[in-house]
Amino acid sequence: TTGFGMVLYGEFMKLKYLMLFISVSVFSLLNSLTYEIKQDGTGDFTNIQAGIDEATDNDTVLVYPGTYYENILILEKSLTLGSLSLITNDESYKYSTIIDGNQIKSCIQVRGEYTWDHQPVFADSVNIVGFTLKHGNGTALFEDTPMIIYGGGILSFFSITTISDCIIKDNSCIGEGGGLSVFESKVHLSGVSIYNNKSRSSGGGIAVTG
């Protein structure tokens, strides 16, 4: 009888912790926010980076059509960055929602956590949906290596990144990954066109390191 009681108690505790996990997850989702980016000033922000900076984990940054001359940095956050194709399932928005890197840095950097000996932590994940990314020029991997430039269009750095229904074109870098650099990261691509990108080192379209 005692053994049976202990089994029941163990199963009860498992169920209790499962319900707690579900409650926390649902609470997190219910409290997530969507920030609208509109260039005409009728949204929450007129530029994408302002929305990214304001967002916290599980939030969505929804970008309306236009050309945004920005170099986006997503640093140690779990969020979704999407055009209107995210909520309409209309893939044509990827042609009218453009992030132009203006030949300065990567169009988008997704940077996650890593340990002192440069091992990925993989604590955050980012979804990027429905954009054209062009004219990116890559970004230095580390501050003390300014000439090691990766990821003209997108640099995924110690991160988990899902890229869907995007066009990555006309980007370049002097290092690896003219279109996309996957550096010690996990990246999933779905419905992504990558073309006419250049690298002086390797991986004109995609470079995978680590």
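Two strands count as paired when DSSP finds at least two bridges between them. With that in mind, let us look around this predicted model, one close-up at a time.

**View 1. Strands β2 and β5 run side by side in the parallel sense.**
Strand β2 covers residues 60-63 and strand β5 covers residues 79-83, and four bridges link the two. To follow the pairing residue by residue, start at V61, whose bridge partner in β5 is L81. Then find V63, which has S83 as its bridge partner in β5.

**View 2. On to the pairing of β5 with β8, which is parallel.**
Four bridges join these two strands. One pair to look for is T80 with N127, where N127 is the bridge partner in β8.

**View 3. Is β5 enclosed or open to the outside?**
Buried means under 20% relative accessible area. Five of the five residues of β5 are buried, so this strand is largely enclosed by the rest of the structure. Try looking at β5 one face at a time: L79, L81 and S83 sit on one side, T80 and G82 sit on the other, and both faces are covered.

**View 4. Six strands make up an open sheet.**
Read across the sheet, the order is β1-β2-β5-β8-β13-β17, with parallel pairing. Which strands stand at the edges? They are β1 (34-37) and β17 (186-190); each has a single partner strand, so one side of each is left without a neighbour in the sheet. On average, neighbouring strands of this sheet are turned by 10° against each other, direction ignored.

**View 5. A cavity and the residues around it.**
Searching the whole structure turns up one cavity of 30 Å³ or more. Its volume is about 60 Å³. How many residues line the largest cavity? The lining has 15 residues, and those nearest the centre are K77, R111, G112, D124 and S159. Strands β7 (108-111) and β8 (125-129) each supply at least two residues of this lining. Sorted by character, the lining residues are seven nonpolar, three polar and five charged.

**View 6. Q103 and F158, each with a positive phi value.**
Take Q103 to begin with: its phi is near 55°, a positive value in a residue other than glycine. You will find Q103 in the loop between β6 (97-100) and β7. Now turn to F158, which is also not a glycine and has a positive phi, near 50°. F158 belongs to the loop between β12 (154-157) and β13 (160-164). Is each side of this view buried or partly exposed? Q103 is partly exposed, at 44% relative accessibility, whereas F158 is buried, with a relative accessible area of 2%.

**View 7. Cysteines C107 and C173, and a count of disulfides.**
To count as a disulfide, a pair of cysteine sulfur atoms must lie within 2.5 Å. How many disulfides does the model hold by this rule? The count comes to zero. Look at C107 and you will see a buried residue, with a relative accessible area of 0%. C173 counts as buried too, at 4% relative accessibility.

Note on methods. Residues numbered from 1 in each chain as written. Predicted model: local features only at pLDDT ≥ 70, side-chain atom pairs only at ≥ 80, totals over all residues. Heavy atoms only, no water. 1 Å grid on protein atoms, 1.4 Å probe; cavity = no way out; pocket = protein on both sides within 12 Å on 5 of 7 lines; lining within 4 Å. Points joined across faces, edges and corners; volume = space filled by probe spheres on them. Nonpolar A, V, L, I, M, F, W, Y, C, P; charged D, E, K, R; others polar. Buried < 20%, exposed > 50% of the residue type's maximum accessible area, 1.4 Å probe, protein only. Axes fitted to C-alpha atoms, helices over the stretch in contact; angles between N-to-C directions.
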